[in-house]
Amino acid sequence: MADTVPLVTSTEGVEGGVGLTALLVAAARAIETHRPDSLAQDIYAEHFVRAAQASAHWPVRLDQAPGGDTSPLWGRFARYFGLRTRVLDDFLLRSVRSTGIRQVVLLGAGLDTRAFRLDWPVDCVIFEIDREGVLAFKHEVLDTLSAEPRARRVPIGTDLRADWAGALTATGFDATAPTAWLVEGLLFYLPHAAETALIDTVDRLSAPGSALAYEVKLERDLMAYRDSPLYTSTRRQLGIDLLDLFSREPRPDSVARLTDRGWTASVHTPFDFTHRHGRGPLPEENDALAGNRWVFADTYPVSCMDPAVPPVRV
Ligand SMILES: C[S@@+](CC[C@H](N)C(=O)[O-])C[C@H]1O[C@@H](n2cnc3c(N)ncnc32)[C@H](O)[C@@H]1O
């Protein structure tokens, strides 16, 4: 692999708007990778950060971040993404190893490099859906690094507010085979109708024995946390106003929607996993993470939910 990646040219999709949030998560993963007590390893993450003008000066190690671990952005928020990465790595690997699922779909994949860094069964296929511009940037960086996927990988550049199911099935997705779906860090940005349509589509395309993990925010009033350290530091230090990017519409009850259709679902706070792993963010005052929930759902004949982390009531 090349040591460094110069600034690349296909940056239109990541230099602004919601695409920039993919670089934020990449920077967090880079920092997590270099921690001595790392929860997840992503050797590609720092190369994405360095390759885009907008993020080239961001820290990729904690000792490059003013305030280090006490920084709300590069300490606590980055750790949140590190924990999320680990928990969802575990979800996907558990799905393919213990249930025989061989088809994985990453919705809003962004700069997720799981296809390149996780140890997949040889016959696994990974579909990645995101906007064309984000995937073009990702490919330019990964090509420069001569990165090779560790399973068959099918990138699909499309908008998840449109008919993405058609694009997915046109590339060989098999709706008669069970699937592991991942919707990480995406639903906040989608309007109510797009989230509902996405959940309905996942349900419709899921053969029995499928699994789904996704992240939501429960706050009725997102603006209640506008002055939280997490939102203000992201706004001031990076120019990313997450609240401007999030949909302000009331959120649908996707857990109820899935359980009505026969899915078994379990809902967790991120803090459940902080306790489980012995590191990660803990609750604090005026906490923009207070409403975040990680949902795990499946249509297994006998639920394979992990009882080691008791679910919370929503
Ligand atoms: C915060 S990033 C998360 C990326 C990735 N899941 C991860 O955790 O690294 C949000 C991603 O959602 C994608 N996204 C947001 N709205 C989208 C839409 N309408 N259609 C396709 N992708 C979208 C963005 O392009 C971005 O890559």
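1. Start with L160 and the ligand. In this predicted model, a backbone N or O atom of L160 sits 2.8 Å from a nitrogen atom of the ligand. The protein covers 97% of the 600 Å² of accessible area that the ligand has on its own.

2. Two further residues are worth finding on your screen. G108 also uses its backbone: one of its N or O atoms lies 2.7 Å from a ligand nitrogen. With D159 you should look at the side chain, where an N or O atom is 2.9 Å from a nitrogen atom of the ligand.

3. Now zoom out a little. There are 21 residues around the ligand, and those that come nearest are R29, G108, D130, L160 and E184.

4. Next, have a look at helix 5, which runs over residues 132–144. Its 13 residues reach 18 Å from the first C-alpha to the last, close to the 18 Å expected at 1.5 Å a residue.

5. Which residues of helix 5 are buried? They are V134, L135, F137, K138, V141 and L142. These residues lie on the same side of helix 5, because they cover an arc of only 160° around its axis. A handy rule helps here: an α-helix has 3.6 residues a turn, so residues three or four places apart point the same way. On the other side of helix 5, E132 and D143 are exposed.

6. What covers those buried residues? The cover includes helix 1 (19–34), helix 2 (45–51) and helix 4 (114–117), along with strand 2 (125–130) and strand 3 (152–157).

7. One last detail to check: just after helix 5, S146 takes a positive phi of about 50°.

Notes. Residues numbered from 1 in each chain as written. Predicted model: local features only at pLDDT ≥ 70, side-chain atom pairs only at ≥ 80, totals over all residues. Heavy atoms only, no water. Helix = DSSP H or I, 4+ residues; strand = E, 2+ residues; numbered from the N terminus. Expected span 1.5 Å × (residues − 1). Buried < 20%, exposed > 50% of the residue type's maximum accessible area, 1.4 Å probe, protein only. Arc of directions from axis to C-beta. Contact = heavy atoms within 4.5 Å. Near = heavy atom within 4 Å. Polar contact = N/O pair within 3.5 Å; in protein donor to acceptor, adjacent residues only side chain to side chain. Areas by Shrake-Rupley, 256 points an atom, 1.4 Å probe, with all protein chains shown as cover.
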